[in-house]
Amino acid sequence: MRIDLLTIFPDMFRGPFDESIVKRAVEGGLVSINLHDIRRWAEDRHKTVDDYPYGGGPGMVMKPDVVFAATESVLELAPQREPVILLTPAGRRLTHEIVVELAAKERLVLICGRYEGFDARVHEHLATDEISIGDFVLSGGELAAMALVDAVVRHIPGALGSPQSTVEESFAEGLLEAPHYTRPPEFRGWPVPEVLVSGNHGEVAKWRRLQNILLTARRRPELLASLELTAEEGEWLALQLGEQ
Ligand code: ADE
């Protein structure tokens, strides 16, 4: 996969992308991450990328001429021209399903906004998709792009040590993920659940699924609504929730 990132703060990406899974994926040739400083395409002496909003109001708006020039020039660097994704709080909210959808693409072009946002013509005529990482406003799209890239890279085959990891992790089944334990078997008087040390894989899988269901019911009950529980799971859950 090829990822092109357009930003006025390319240095912000160096730390997060130089560690761990993303770094390994880049080094292993699974993904190339190409940072482009939007300012390079500013034409005036001061390298201006923003301007006052028409109609007044607070903040500045990213100039369409600079953002178009930067993006169109970056698009020329590889044959695939879609998707061009704007990171903006007004985008569709990022989910596991969208991450999986993006991980299947050969190329992603991500544009990070700053200031009050982009000139509307960037939304209308340049972007093919707009993504938000949550219902809150960041100072810019950079941190959102980092989160998106990290989540997507995990789903590129070979990026994780074990392919099972993305299958079993939170949200893959529409559920939050069960608690994990490691040694010691007892810590400050808190024991590891018996079943996990039993060596019975069938029982462990069953226990994990029930724990996933319980955690989801407690924290994110709206996620359970779209899920089919067996009668046995439903009864067990009702019992647990009744006991709270
Ligand atoms: N830019 C500013 N806030 C954002 C958000 N929540 N998601 C994506 N991009 C953003």
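Here a student and an author talk through a predicted model of one protein chain.

Reader: What makes the chain more spread out than a compact globule?

Author: Let's set two values side by side. The radius of gyration is 22 Å, while the globule rule gives 18 Å for 244 residues. The chain's value is well over the rule's, so we call the chain more spread out than a compact globule. Along its principal axes, the C-alpha trace spans about 70 × 45 × 35 Å.

Reader: Which domains is the chain divided into, and how many Å separate their centres?

Author: Domain 1 covers residues 2-153 and domain 2 covers residues 170-242. Taken over C-alpha atoms, their centres are 37 Å apart. As for secondary structure, the chain has ten helices and ten strands.

Reader: Why is valine 153 called buried?

Author: Buried means under 20% relative accessible area. Valine 153 has 0% relative accessibility, so it counts as buried. This residue lies in helix α6, residues 142-153. Leaving aside residues up to four places away in sequence, valine 153 touches Ile21, Val22, Ala25, Val31 and Ala159. Across the whole chain, 40% of the 244 residues count as buried.

Reader: Why does arginine 188 count as buried or exposed?

Author: The cut-off for exposed is over 50%. Arginine 188 has 68% relative accessibility, so it counts as exposed. You will find arginine 188 in the loop between β9 and β10 (190-191).

Reader: What is the sign of phi in arginine 188?

Author: Positive: phi of arginine 188 is near 50°, and this residue is not a glycine. Most residues other than glycine have a negative phi, so a positive value is worth a look. Serine 20 is another residue to look at, with a positive phi of about 60° although it is not a glycine. Serine 20 belongs to helix α2, residues 20-27.

Reader: Which kind of peptide bond joins glutamate 82 and proline 83, cis or trans?

Author: The bond is cis, with omega at about -5°. Proline 83 sits in the loop between α3 (64-75) and β5 (84-93). A cis peptide bond also joins arginine 183 and proline 184, where omega is about 5°. Proline 184 is in the loop between α7 (164-168) and β9 (186-187). Most peptide bonds are trans.

Reader: What share of the contacts with a separation of 6 or more comes from residues 24 or more positions apart?

Author: Such residues account for 73% of those contacts in the chain.

Methods: Residues are numbered from 1 along each chain as its sequence is written. This is a predicted model: local features need pLDDT of at least 70, side-chain atom pairs count only at pLDDT 80 or more; totals for chains, interfaces and linings use all residues. Side-chain values use heavy atoms; hydrogens and water are left out. Helices (H or I, at least four residues) and strands (E, at least two) are DSSP runs, numbered from the N terminus. The radius of gyration is taken over C-alpha atoms; the globule rule is 2.2 Å times the number of residues to the power 0.38. Buried means under 20% relative accessible area, exposed over 50%, partly exposed in between (1.4 Å probe, protein chains only). Contact means heavy atoms within 4.5 Å. Domain bounds come from an automatic or database domain assignment.
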